[in-house]
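Student: Hey, I've got this one open on my screen. Can you walk me through it?
Tutor: Happy to, ask away.

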Amino acid sequence: MNENKDITTNWHQLGQAAVVQKLQSSEMGLASEEAGRRYDQYGPNELIEKGRKKPWRILLAQVKEVMILILLAAVVISAALQEYIDAIVIFVIVVLNTLLGFWQEFKAENAMAALKKMTVPNVRVRRDGAEQQISAKDLVPGDILLIEAGNIVPADARLIVAANLKVQEAALTGESESVDKDTGELPDAELALADRKNMIYRGTVVTYGRGEAVATATGMQTELGKIATMLQDVEDEQTPLQERLAKLGRSLAMAAGVLIVIVAGMTYLQGAGVKEIFMTAISMAVAAVPEGLPAVVTIALALGAQQMLKKNALIRQLPAVETLGGVTVICSDKTGTLTQNKMTVSDVVLPDRRYTLSEAAARHGEDADLGLLLLTGTLCNDAVIDESAPNGILGDPTEGALVLAAHQAGLVQRDLQAILPRVRELPFDSERKRMSTVHALPSSSQRATLHPVLAAGDQAQADHLVLVKGATDGLIEACGRILVSGVVHPLDERKKAEISAENTAMAKNGLRVLGLAYRLLDVDELDQPDRYEHDLVFLGMVCMLDPVRPEAIESVRLCKQAGIRPIMITGDHPLTAVAIAKNLGLTTLDTVLTGKDLDAMTVDALAARIKDVSVFARVSPKHKMIIIDALQAQHEIVSMTGDGVNDAPALKSADIGVAMGITGTDVSKESSDMILLDDNFATIVAAVKEGRRIYDNIRKFVRYILTGNAGEIVVMIAGPLMGMPLPLLPIQILWINLVTDGVPAVALGFEEAERDVMNRPPYDPQEGIFARGLGWQILVMGLIVGLISVGTGYWFWDGGEGSTAWQTMVFTMLTFCQMAYALCVRKKTQSLFSRSWLGNPVLLMAIGVTLSLQLIIIYVPFFNTVFRTTPLRLEELGSCVVGALVIILISESKKLFLRRKRH
Ligand code: ATP
């Protein structure tokens, strides 16, 4: 096993048996102990992550912030002016702020990395002779891998079984067309990766068929691992909001520049010295920029992602947290997401008679046609009965229902498989909407026991049997004959119409209907797959019931109430889809568009209709793209679900691509922004609600923080105008921005949702951060806070150079007013004194801590020196409390007015 590299790179040259032997494995797979030993030897099957931001890079990014650079300059200049205390204090604050920002970014980064790790796929392997699911991380060389369409290949491996296997190897070769794979030996040692058709490589995608392979290399030993360093430069993703905030920061810095010149000019005209002018300039710069804001936003988004995880929504991209809040349309699959995907067969319909399931179970012995139909259902099937599985079956629930129905009638899948071994297949795909399997026929006497038609007739020499099941409407077109009461007749148009009518009637009741058919195959047709589904003999139909999820009904209602349009997109029959959509309350209309309709429509025609169509049926994955395009053209923010390989493009182009955690393929998960761990529609709606809460909260603390900055600017401009010296020192402003504003702002991120989060329509996706009056509110409230502070300062200012108590009052007043305002911004219209006033304990704690720190700064002598404060007398402190109460009064009056207006 430990042989040299030449052998490991040329597995394709060896035969299957030789590879298995060389890797000391067997078709039964490795023994668990051996797998454990190899795990210790080779390590986990992981690529070493180089893409994760290194801590020092996060730190560097912090230090590169313009503001930090300005402050560092201030440190140097203060030192030059021999203002050593200022220099040291500003320096300490810069360091603390950098560390704080670093810590928050680092935590957010780790949180996202942890979420991404949760999506490490499980893989199916054979170990100790039995099929098992293990984490892809635990794969070792020699493991027998079982792969199927939708898998991302977890390791490099040599194929030992390949059934119609197609793999898309773009990750390695750049070729986006899928290539056919087989198991044959390839003697040429120099073969390029793209031509090694008997090998599969980590990171490539199985797009069709299934196969088995023995793992030859894992982790960094794989071909992908060898080039992994090239792939891992992940770009730094900023959410739209973060981008807008960064832009805001830059504009504020520019505005600060202008203000600095004005204020410095004013202080100069008042006859101030160089030092004072300089201090004023720095103060102004510091006052204008909300230093704490970017970190607070990042942490709010990351915390949001964690909250969503608690509700079973796994966020893969941080921007999704924000986008979710703005979703206007939720497109959802039907089966499993809106319904329970617990299929049970209700009726079996033969061309001239029908049975309920229990009748069918009792009668199949007497009715050979029924027996053949049930046999077709259970053999043209990849599901198996497994007592230990949650619903008693392993595999697709639609198929499971057929196996169980046959089983109830005494037809044991495994026994039948022994008599009619499967030799070829055309797997189910959502494009064709049917599946065929080819079976070798036994001797003609044994055939007759299965059904006389298999032994008799002009095809008695045929040695293979094709079994087909699929959507009746399509299947019927592939049928040329029909089995009625033991005799094969030609299938005429009249009969076809009858079958369609019956199909329609059942679909109307919300049942899923599958048609079944068979055909005998001559040996020379065995290798012509396009012959399999040709001139089939129609056997009948099976109806299945799939109850809707009760919680989906409530979620659909919630969506509508919240101005979000739920849309059902399904591969199922249009009538089945409409019936279920009505059950869910998703629509009251019969309007439905099918994939065929979509193909025939122009872009404009669809644009005109899409506003009032809520159900799309018989669509294939490519139609999802058409639907997304049409919706996005109307500026909708679209969330789209998907689970199959072909859904990947739709998941990528939707604003929020949602993959299924349980039934979804690896590929769909990789392409998604969010994964539903429970496959449940209700989870999407819960995530949207959470997204709205977070967006609301971000606006709350943006408003809170910027009001603080506005107040400081007002103080800084009004002070000199009123003839006062510098009212706030740079270190005091830094203190307010980072501690007084920063700490409660983080706590505001924990604020519970507003009562009406899901009672209002989504906000306009194009709106800026200052939309809906936010900008004005910041300016007005900033003006009030600033004027109260500077006014109080003026009142206590003795006009001389003696006591600095008035400065401490301006400083404290600002802090107290901000604390009061933090309580006010919690709710938009609800009174601060309503029942939920204790609703955010984190915020109350943050305010308590901040107030205590402020008192320490005022009353502890050491800090008096550092922050240039003077202990306030009781009445002075009292005035600050009154100032805070004024803020509360103003805000409460405004809320009262708003509430009145609403009623
Ligand atoms: P969705 O999950 O998108 O709501 P769906 O599960 O109903 O829809 P598909 O799985 O694409 O959609 O199935 C489409 C149609 O194909 C079904 O209505 C059924 O007639 C047929 N079909 C589904 N599963 C199978 C299967 N395993 N074998 C054969 N035909 C199938």
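Student: Let's begin with E670. How accessible is E670, buried or exposed or in between?
Tutor: E670 is partly exposed, with a relative accessible area of 47%. Keep in mind that this is a predicted model.

Student: Which side chain does E670 meet in a salt bridge?
Tutor: That is R316, with an N to O distance of 3.9 Å. R316 sits in the loop between β8 (313–315) and α12 (319–324), while E670 belongs to helix α28 (residues 666–670), so the pair ties together parts that are 354 residues apart in sequence.

Student: And R316, buried or exposed?
Tutor: R316 is buried, because its relative accessible area is 6% and the cut-off for buried is under 20%.

Student: Why would two such side chains pair up at all?
Tutor: Side chains of opposite charge can pair when their charged atoms come close.

Student: How many salt bridges does the structure hold?
Tutor: The structure holds 48 salt bridges.

Student: Show me one within a helix. What does R38 pair with?
Tutor: R38 forms a salt bridge with E34, and their closest N and O atoms are 2.7 Å apart. Both residues lie in helix α3 (residues 32–42), 4 residues apart, which is about one turn of the helix. R38 is buried, at a relative accessible area of 1%.

Student: Got another? Where do E498 and K495 lie?
Tutor: Both are in helix α20 (residues 493–508), 3 residues apart, again about one turn of the helix. Their side chains meet in a salt bridge of 3.1 Å, N to O. E498 is partly exposed, with a relative accessible area of 36%, whereas K495 counts as buried at 17% relative accessibility.

Student: Nice. Which residues are joined into one network by salt bridges that share partners?
Tutor: R210, D382, R422 and E425 are joined that way.

Student: Switching to the surface. Which residues gather in a patch of positive charge?
Tutor: R755, K828, R835 and R902 gather there. K828, to take one of them, is in the loop between α33 (805–825) and α34 (841–859).

Student: And how accessible is K828?
Tutor: K828 counts as partly exposed, at 30% relative accessibility.

Student: What about nonpolar surface, which residues form a patch there?
Tutor: L59, F91, V95 and L99 do, with about 310 Å² of accessible area together. Helix α6 (residues 84–117) gives the largest share of that patch, 3 residues. L99 is in helix α6, and L99 is partly exposed with a relative accessible area of 44%.

Student: OK, zooming out. How is the chain divided into domains?
Tutor: The division is domain 1 (11–49 + 115–233), domain 2 (240–312 + 686–902), domain 3 (323–340 + 549–679) and domain 4 (344–545). The centres of domain 1 and domain 2, taken over C-alpha atoms, are separated by 57 Å.

Student: How many helices and strands are there?
Tutor: The protein chain has 36 helices and 26 strands. Its C-alpha atoms fill a box of roughly 120 × 75 × 45 Å along the principal axes. Of the 903 residues, 55% count as buried.

Student: I'd like a feel for distances. How many Å separate I262 and S500?
Tutor: Their C-alpha atoms are separated by 82 Å, and the two residues are 238 residues apart along the chain. I262 is found in helix α9 (residues 240–269) and is partly exposed, with a relative accessible area of 46%.

Student: And I888 with G642, how many Å apart in space?
Tutor: That pair is 49 Å apart, C-alpha to C-alpha, and 246 residues apart in sequence. I888 is in helix α36 (residues 874–902) and is buried, with a relative accessible area of 14%.

Student: Last topic, backbone angles. What is phi of D535?
Tutor: Phi of D535 is near 50°, a positive value in a residue other than glycine. D535 lies in the loop between α21 (529–532) and β20 (536–545), and D535 counts as partly exposed at 34% relative accessibility.

Student: And what is phi of R868?
Tutor: Phi of R868 is near 55°, also a positive value in a residue other than glycine. R868 is in the loop between α35 (861–867) and α36, and R868 is partly exposed, with a relative accessible area of 27%.

Notes: Residues numbered from 1 in each chain as written. Predicted model: local features only at pLDDT ≥ 70, side-chain atom pairs only at ≥ 80, totals over all residues. Heavy atoms only, no water. Patch = residues over 30% accessible without salt bridge, like charges linked within 9 Å, V, L, I, M, F, W, Y side chains within 5 Å. Areas by Shrake-Rupley, 256 points an atom, 1.4 Å probe, with all protein chains shown as cover. Salt bridge = Lys/Arg side-chain N within 4 Å of Asp/Glu carboxyl O. Lys, Arg positive; Asp, Glu negative; His and termini not counted. Charge placed at Lys NZ, Arg CZ, Asp CG, Glu CD. Helix = DSSP H or I, 4+ residues; strand = E, 2+ residues; numbered from the N terminus. Buried < 20%, exposed > 50% of the residue type's maximum accessible area, 1.4 Å probe, protein only. Domains from an automatic or database assignment.
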